[in-house]
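The following exercises practise the reading of strands, sheets and helices in a protein model. Each task is followed by a solution in steps.

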Amino acid sequence: MKTILSKQQIGLTVKRLAQQVLENHPSLEETVIIGIQPRGVYLSDQVVRELENIVSPGLIRYGKLDITFYRDDVRKEFHVANKTDIPFSIENRNVVIIDDVLYTGRTIRAALDALLDFGRPARVELCVLIDRRFSRELPIQPDYIGRAIDTIPADKVKVYWQERDGKDEVVIV
Amino acid sequence: MGLSAKHLLGIKDLLKEDIELILSTASQFKDVLQRSVKKVPSLRDVTIVNLFYENSTRTRISFELAEKRLSADTVNFAISGSSAAKGETLLDTVNNILSMKVDMVVMRHSASGAPHFLAKHIPAAIINAGDGINEHPTQALLDAYSMQEKFGSLKGLRVAIVGDIMHSRVALSNIYLLSKMGAEIVVAGPPTLIPTYMEAALPVRVEYNLEKALAWCDVANVLRIQLERQNQPLFSSLREYNQAYGISKRLLDRLGKEITIMHPGPINRGVELDSEVADGPYSIILNQVENGVAVRMAVLYLLAGRNN
């Protein structure tokens with residue numbers, strides 16, 4: 001087992017990601033942040049909290065998306081569906097999707113399909129904590145990257161969050 | 001993971017965990033139904049046949065909508081104008097349909113046990129949409145979802161099932177489900193419509209006095225009096241049934257408490273329920289219908305995966 005990001009590094013990375021998003025979306029007025037269920041929401045919660053520290057809290061449109069019903073392997077394995085909560089329109093808005101690990105890209109493909117059922121966004125960007133680069137099975141790339149790492153298929157990247165696992169850490173097992 | 005069984009033949013064989021999984025999945029589907037695009041692509045590679053040997057509008061439409069919202073292809077088989085009228089056996093009919101590569105069967109039949117028979121002989125997943133006077137599992141599931149939506153939990157909930165208990169598959173499925181989930185059940189109706197040894201066979205209390213049953217319960221699930229039975233020696237007349245066992249606004253006002261009213265439909269207004277009650281503030285009958293599509297989507301979604 002190898003630690004990729006320690007608690008302190010995760011904290012710094014989240015701050016940096018929030019600031020990079022803000023760089024490209026200075027007003028946040030037409031921007032929408034979407035966290036991917038079930039694990040991306042822990043990251044998106046923190047990024048949104050960081051954004052709220054910099055700009056006033058009322059401005060940020062933050063929603064959570066569950067992609068279980070849009071998966072391309074929806075009937076091969078069984079997956080529990082979590083809550084989708086997007087209480088605003090994404091029509092003509094700039095969407096930033098936030099997920100913890102980008103691996104094959106299939107989750108994000110499903111997320112794009114799901115989002116298009118909510119409306120037609122002006123633009124969609126992707127923000128991830130870990131980019132397992134060179135492992136993509138679809139042509140999907142992140143816009144904001146916490147840390148890019150090289151892994152083989154046998155590796156598992158695990159992201160631990162304080163609220164769920166009692167610690168903040170990213171490891172490869 | 002997923003459901004413990006390959007078919008949904010009855011609540012009797014379901015585990016508590018299965019029921020909880022279906023209800024929580026139904027929640028997610030209910031959210032999907034509130035959006036402008038009410039579809040998900042999950043079952044787009046699945047073909048489902050609705051095999052209805054008994055007439056039904058609301059259940060069939062509910063299932064059809066659920067199937068379409070999951071992007072599945074649907075085929076309808078209704079009893080009138082079909083080969084069954086020409087004497088084709090059930091097994092032959094289904095095997096013919098299956099040869100056309102249909103993946104799942106939703107079936108309603110007047111013979112109790114028909115879906116169980118089918119499940120033994122064909123490989124497709126079978127969902128019981130009502131078999132004779134045996135079970136109607138999806139109705140009980142949507143009833144449970146509706147009660148859970150209103151009360152938060154079924155545990156300890158006091159439920160009165162009122163009406164023709166003897167001939168009701170809705171009642172039996174509800175009794176199985178509510179007892180598995182820890183609710184308390186009273187069945188109320190005239191003695192001619194309640195099986196004699198019911199208390200010995202099932203975890204229910206029998207009450208022949210409607211007012212006492214309503215005074216005790218939190219929610220009343222009111223069953224339809226089948227008008228076809230009014231000429232049998234089961235009750236003297238529809239009007240007398242209404243006097244003794246119909247739920248009227250006057251009765252509810254006299255009890256002075258809030259009782260949630262449910263009904264599987266279609267309602268015989270003025271017989272088991274007066275219009276003021278059916279359309280009143282405590283009725284969640286239309287919620288039941290809305291929840292029915294979400295619950296059926298959950299059942300179809302959870303059973304479709306088992307085909308692989």
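**Exercise 1.** Determine the strand order of the open sheet of five strands in chain A, and state which strands stand at the edges.

*Solution.* Step 1: the order is β3-β2-β4-β5-β6 in chain A, and the pairing is parallel. Strands here are DSSP runs of E with at least two residues, helices are runs of H or I with at least four residues, and both are numbered from the N terminus. Two strands count as paired if DSSP finds at least two bridges between them.

Step 2: β3 (61-65) and β6 (144-150) of chain A each have a single partner strand, so one side of each is left without a neighbour in the sheet.

Step 3: from one strand to the next, the twist averages 25°. Angles run from 0 to 180 degrees between N-to-C directions, and axes are lines fitted to C-alpha atoms, for helices over the stretch in contact.

The model is predicted: local features need pLDDT of at least 70, side-chain atom pairs count only at pLDDT 80 or more, and totals for chains, interfaces and linings use all residues. Residues are numbered from 1 along each chain as its sequence is written, while chains are lettered from A and ligands numbered from 1 in the order in which they are written.

**Exercise 2.** Describe how β5(A) pairs with β6(A), and which helix lies across β5 of chain A.

*Solution.* Step 1: strand β5 (residues 123-133) of chain A is joined to β6(A) by six bridges in the parallel sense. Within this pair, Tyr144(A) in β6(A) stands opposite Cys127(A).

Step 2: helix α3 (residues 106-116) of chain A lies across β2 (31-36), β3, β4 (94-102) and β5 of that chain. Its direction is at about 155° to β4(A).

**Exercise 3.** Identify the two strands of chain A that pair with β8(A), and give a bridge partner for each.

*Solution.* Step 1: strand β1 (residues 2-5) of chain A runs antiparallel to strand β8 (residues 169-172) of chain A, with three bridges between them. Lys2(A) has Ile172(A) as its bridge partner.

Step 2: strand β7 (residues 157-160) of chain A is also antiparallel to β8(A), over four bridges. Here the bridge partner of Lys158(A) is Val171(A).

**Exercise 4.** Analyse the open sheet of four strands in chain B.

*Solution.* Step 1: the order is β2-β1-β3-β4, with parallel pairing. β2 (73-78) and β4 (125-131) of chain B stand at the edges with a single partner strand each, so one side of each lacks a neighbour in the sheet. The twist averages 15° from one strand to the next.

Step 2: strand β1 (residues 47-52) of chain B is linked to β2(B) by six bridges, and Ile48(B) has Thr74(B) as its bridge partner.

Step 3: five bridges connect strand β3 (residues 104-109) of chain B with β4(B), where Val105(B) faces Ile126(B). Together with helix α4 (residues 114-121) of chain B, β3(B) and β4(B) make a right-handed β-α-β unit. Right-handed means that, with the strands pointing away from the viewer, the path from the first strand over the helix to the second runs clockwise.

Step 4: seven of the seven residues of β4(B) are buried. A residue is buried if 20 or more other C-beta atoms, placed from the backbone, lie within 10 Å of its own; it is exposed if there are 12 or fewer, and partly exposed in between.

**Exercise 5.** Examine the surroundings and the partners of β5(B).

*Solution.* Step 1: four of the five residues of strand β5 (residues 158-162) of chain B are buried, so this strand is largely enclosed by the rest of the structure.

Step 2: β5(B) runs parallel to strand β6 (residues 184-188) of chain B over five bridges, and Val162(B) stands opposite Ala188(B). With helix α6 (residues 169-180) of chain B, these strands make a right-handed β-α-β unit.

Step 3: four bridges join β5(B) to strand β8 (residues 219-222) of chain B, also in parallel. There, Ile161(B) stands opposite Asn221(B).

Terms used. Contact = placed C-beta atoms within 7 Å.
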